[in-house]
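Here are a few exercises to help you find your way around a structure you haven't met before. Try each task on your own, then walk through the solution.

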Amino acid sequence: MKPDERFLNSGFSGAGTEVKREPIRFRTIWISDVHLGTTGCQAVRLLEFLRATESETLYLVGDIIDGWQLKRRWYWDQTHNNVVQTVLKKARKGTQVIFVPGNHDEAIRQFIDLDFGGIKIRDELIHTTAKGKRFLVLHGDRFDGVISCAKWLAYVGDSLYTVILKFNQWFNRWRARAGLPYWSLSQYLKLKVKNAVNYISSFENALAAEAAKKGLDGVICGHIHKPEMRDINGITYCNDGDWVESLTALVEDASGTLRLISWQEIMGQKNVVLRANAGE
């Protein structure tokens, strides 16, 4: 059994001991760009994250389901079903779940302002933190010039990204056998290619300007698969990352403080709690 699958088994402690696991609690969690329906989706790790955490509100900030890829080739693993069921279970148990569709799941935008199975579907909205700070929450694709002006180019780019991810999977299997850490070709290209860097900067500035225009304190988005939290001209820009490569989420604690958190960090915290419960 794979390590990821072992963690998903109820009560697994890493030492053969059955223990009760308490979830790590947040006031709010934002995740986006899961891309269910693709082989690149890290559904097992997302399940670990969802089952290891609880929040009063869970925002799904777009591209949760990849309708673009599903139209080309149907792919839907059982773990993708498990992600959907876990989110629905959270909604049934009292978590406020808000789904803000993105460009890859744009078909869901026809249901904007409706509620299904306890999940609210909204185009964009304002989130107020425990500190009283107001943040615009949206996927962000309408501020992407490629999506807005040349959607065919976005489809081409998506196909190329899929090829890069497949190469990444092969390359990192080799690196794992060699005892080397994960390395992302797509992230490397984004940071090194001048046009990509300019594109990311323009996107971030456009989102910050939109929040400023609305008189808000910040903006929370997804879309470009680059986790980030920084100040742009007095506006707090937050991008929660993705669940293809970054494996990150944005969280708000009980005091209203926002921060980016990774799957690795959550799993590390859970292991500490498990060891303590097991009396190690």
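**Exercise 1. Place H80 and describe its surroundings.**

Step 1: find the element. H80 sits in helix α4; helices (H or I, at least four residues) and strands (E, at least two) are DSSP runs, numbered from the N terminus.

Step 2: keep the ground rules in mind. This is a predicted model, where local features need pLDDT of at least 70 and side-chain atom pairs count only at pLDDT 80 or more, while totals for chains, interfaces and linings use all residues. Residues are numbered from 1 along each chain as its sequence is written, and side-chain values use heavy atoms, with hydrogens and water left out.

Step 3: check the accessibility. H80 counts as buried because its relative accessibility is 1%; buried means under 20% relative accessible area, exposed over 50%, and partly exposed in between (1.4 Å probe, protein chains only).

Step 4: list the partners. Setting aside neighbours within four places in sequence, H80 is in contact (heavy atoms within 4.5 Å) with L36, G37, T38, C41, A43 and Y75.

**Exercise 2. Describe how α2 and α4 pack.**

Step 1: know what to look for. Two packed helices are described by the angle between their axes and the distance between the axes.

Step 2: read off both values. Helix α2 (residues 43-52) and helix α4 (residues 78-92) pack at about 20°, and their axes are 9 Å apart. Here axes are lines fitted to C-alpha atoms, for helices over the stretch in contact, and angles run from 0 to 180 degrees between N-to-C directions.

Step 3: name the arrangement. That angle makes α2 roughly parallel to α4. Angles under 35 degrees count as roughly parallel, over 145 as roughly antiparallel, 65 to 115 as roughly perpendicular and the rest as oblique.

Step 4: give the hand. The α2 and α4 crossing is left-handed, that is, the near helix is turned anticlockwise from the far one by less than a right angle (right-handed if clockwise).

Step 5: pick out the residues. On the α2 side you'll find A43, V44, L46, L47, L50 and R51, and on the α4 side T79, H80, N82, V83, T86, V87 and K90.

Step 6: sort them by class. The contact of α2 with α4 has seven nonpolar, four polar and two charged residues. For this sorting, Ala, Val, Leu, Ile, Met, Phe, Trp, Tyr, Cys and Pro count as nonpolar, Asp, Glu, Lys and Arg as charged, and the others, Gly among them, as polar.

**Exercise 3. Track down some salt bridges.**

Step 1: get the total. Searching the whole structure turns up 13 salt bridges, each a side-chain nitrogen of Lys or Arg within 4 Å of a carboxyl oxygen of Asp or Glu.

Step 2: look at R27 and E252. Their closest N and O atoms are 2.8 Å apart. This pair links distant parts of the chain, with R27 in strand β1 (residues 24-31) and E252 in strand β11 (residues 248-252), 225 residues apart. R27 is partly exposed at 22% relative accessibility, whereas E252 is buried at 0%.

Step 3: move on to K214 and E124. In this salt bridge the closest N and O atoms are 3.7 Å apart. K214 lies in the loop between α8 (194-213) and β8 (218-221), E124 in the loop between β5 (119-121) and β6 (125-128), and 90 residues separate them. K214 is partly exposed at 39%, and E124 is partly exposed at 24%.

Step 4: widen the view. A network of salt bridges links E124, R142, E210, K213 and K214.

**Exercise 4. Explore the loop between β8 and β9.**

Step 1: start with H223. This residue is found in the loop between β8 and β9, and it has a positive phi of about 80° although it is not a glycine. H223 is buried, with 11% relative accessible area.

Step 2: go to I224. It belongs to the loop between β8 and β9 (228-232) and is buried at 5%. The C-alpha atoms of I224 and G140 are 8.5 Å apart, with their positions 84 residues apart along the chain.

Step 3: finish with H225. Also in the loop between β8 and β9, H225 has a positive phi near 55° without being a glycine. Its relative accessible area of 6% makes H225 buried.

**Exercise 5. Sum up the whole chain.**

Step 1: count the elements. The chain has nine helices and 12 strands.

Step 2: note the burial. Of its 280 residues, 48% count as buried.
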